[in-house]
Amino acid sequence: MRYILFVLFISATFVFCKTKAPIVEVTETPAVAAVDFTSAEKNHKNYCSGCHGEQMQAFVDRQWKHGSEASQIFASIKNGITVDGMPSYDTTFTDEEVNELVAYIQTGIANVDKYKPSGEKLAENPSPTEEYSILVEPVVTDLEVPWSIQVLKDGTMFYTERKGTLTMVKPDQTKVEIKGVPAVRNRGQGGLLEVELHPNFTSNKMLFLSYSKMKTVDGRDLSTTAVISAILQGDELTQVKEIFEALPYRPTTHHYGCKLEFDKNGYLFISVGERGFEKENPQFLDNHGGKIHRIKIDGSIPEDNPFVNAHNVVKSIYCFGNRNPQGLALNPMTGDLWENEHGPRGGDEVNLILPGKNYGWPVISYGINYNGTTITNLTELEGMEQPATYYVPSIAASGMVFVTSDKFAKWKGNLLVGSLRFNYIDRVVLNGKKVEKREIMLKNVGRLRDIHQGKDGYIYIATERPGTISRLKVNG
Ligand code: HEC
């Protein structure tokens, strides 16, 4: 062994002397230096990272579905996988440019370690923000894709994983997987999505789940966003009842929405994405896609819904013209509903949601198509709402919460918006209904999926790769 090390040392020294390469080069993969990835890197950033992540995490950790050989990656990019929402780049890039992207991705895979999230480091070292030094303390680890969190006053936690499980973590940290969860379509962006507890959960044990529900018609797999209510008895859901089903079902597996939030009257808001049918869904009121809905918890329609007296209109619609809403948060002080949604390439929005209003998708937008073509030249139009703020480039906005906790007194009334793409939290400071300023916080916290203020006053976040639920604490 010693001998081998000695030989290695000698030959390494020999190489250095011969090439006069600086020492750091030796630790790098030689292929990296050999190829010029400037334009591939730029193309990846501009065209791919919105969905696949800024730093190729998605490619690095992925279980390849369409193959990781150069020719297979080439085919995925050139032809797209449109049924899952991956656009074709046939007309965007030359074959040479596609090949450069393939090489760039394959090199990225070879450099896995560089892209590993550093969530654990954030746990050890408090992160400075404008108002506080924040500790990120992992509480549940080794998850797949945690999608939604709810925490009770005594610290009992419920969380969903997209693959289809609902888990309860008791205050003594024992984990119980809840039985009776409906079967989900775990594909693309679908699966088990939000868990929402009834405001009186502690006494009535009622909870709500949103998920992608599957149906096979003439041999074709179709799916939609659906919501059930259930009563938790021990470790089992009982009296499971479907209270909402978005129509029509679609063959795509993306843009399901689907967040749940209670208003002050005890009615439930449900967000539904346009499922990739932007021309058919969001601007037409005879279907559920690309809308936010409001229902009573038994599935019936509140009498004061905006379209309750209109004809040929889905009566649960509260607002329309939404693309893919990912965050819903009620301002507990004012009762206002806030929403965030994914724009296309550029143009993620934070909106104040008002009844009956049209949020403009796809007629107005600050984004462009993923393959670089324009969707619309319009960013404003009479009769359509402007976002309170928007993000270019897209941050892939995810969960969102209003801070009310005394534990974060200086953030009270702020909106925290998670970023799936850039792995941070955006703190949005509001002045009434206007956005006054934004602060990027906890950079590198991980691909942030959900953010929740527990009834115990702590803020919880769910991050992916590796799937972790963490608690934010003010340091000191
Ligand atoms: C609108 C979102 C979106 C954009 C933009 C996008 N992709 Fe994809 N891509 C997807 C989805 C969705 C899949 C389907 C597979 C999955 O993730 O489960 C996919 C799949 C792939 C695959 C196949 C992965 C496998 O498991 O075999 C490759 C390779 C790929 N994309 C490369 C790219 C490249 C390179 C770009 C930029 C030029 C790009 N994608 C842009 C959404 C996107």
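## Leu-209 and the nonpolar cores

Let's start with Leu-209 in this predicted model. Leaving aside residues up to four places away in sequence, Leu-209 touches Leu-166, Val-181, Leu-192, Glu-194, Val-195, Val-227 and Ile-228. Leu-209 also belongs to the largest nonpolar core, a set of 86 residues, where Leu-209, Ile-270 and Leu-415 touch the most other members. Which strand gives the most to this core? That's strand E9, residues 220-233, with five residues.

There's a second core too, separate from the big one: ten residues, including Ile-73, Ile-77, Leu-101 and Tyr-104.

## Two cis peptide bonds

Most peptide bonds are trans, so cis ones are worth a look. Going from Leu-247 to Pro-248, the bond is cis, with omega near 0 degrees. Pro-248 sits in the loop that links strand E10 (236-245) to strand E11 (260-262).

Cys-258 is found in the loop between E10 and E11 as well, and the bond leading into Cys-258 from Gly-257 is cis, with omega near 5 degrees.

## Positive phi outside glycine

Most residues other than glycine have a negative phi. Gln-173 doesn't follow suit: its phi is positive, near 80 degrees. You'll find Gln-173 in the loop between strand E5 (165-169) and strand E6 (175-177). Gln-173 counts as exposed because it has 10 C-beta neighbours inside 10 Å.

Leu-442 isn't a glycine either, yet its phi is positive at about 50 degrees. This one is in the loop between strand E22 (434-441) and strand E23 (447-453). Is Leu-442 buried or exposed? Leu-442 has 25 C-beta neighbours inside 10 Å, so it counts as buried.

Definitions and conventions. Residues numbered from 1 in each chain as written. Predicted model: local features only at pLDDT ≥ 70, side-chain atom pairs only at ≥ 80, totals over all residues. Core = buried A, V, L, I, M, F, W, Y, C linked by C-beta atoms within 7 Å. Buried ≥ 20, exposed ≤ 12 C-beta atoms within 10 Å, placed from the backbone. Helix = DSSP H or I, 4+ residues; strand = E, 2+ residues; numbered from the N terminus. Contact = placed C-beta atoms within 7 Å.
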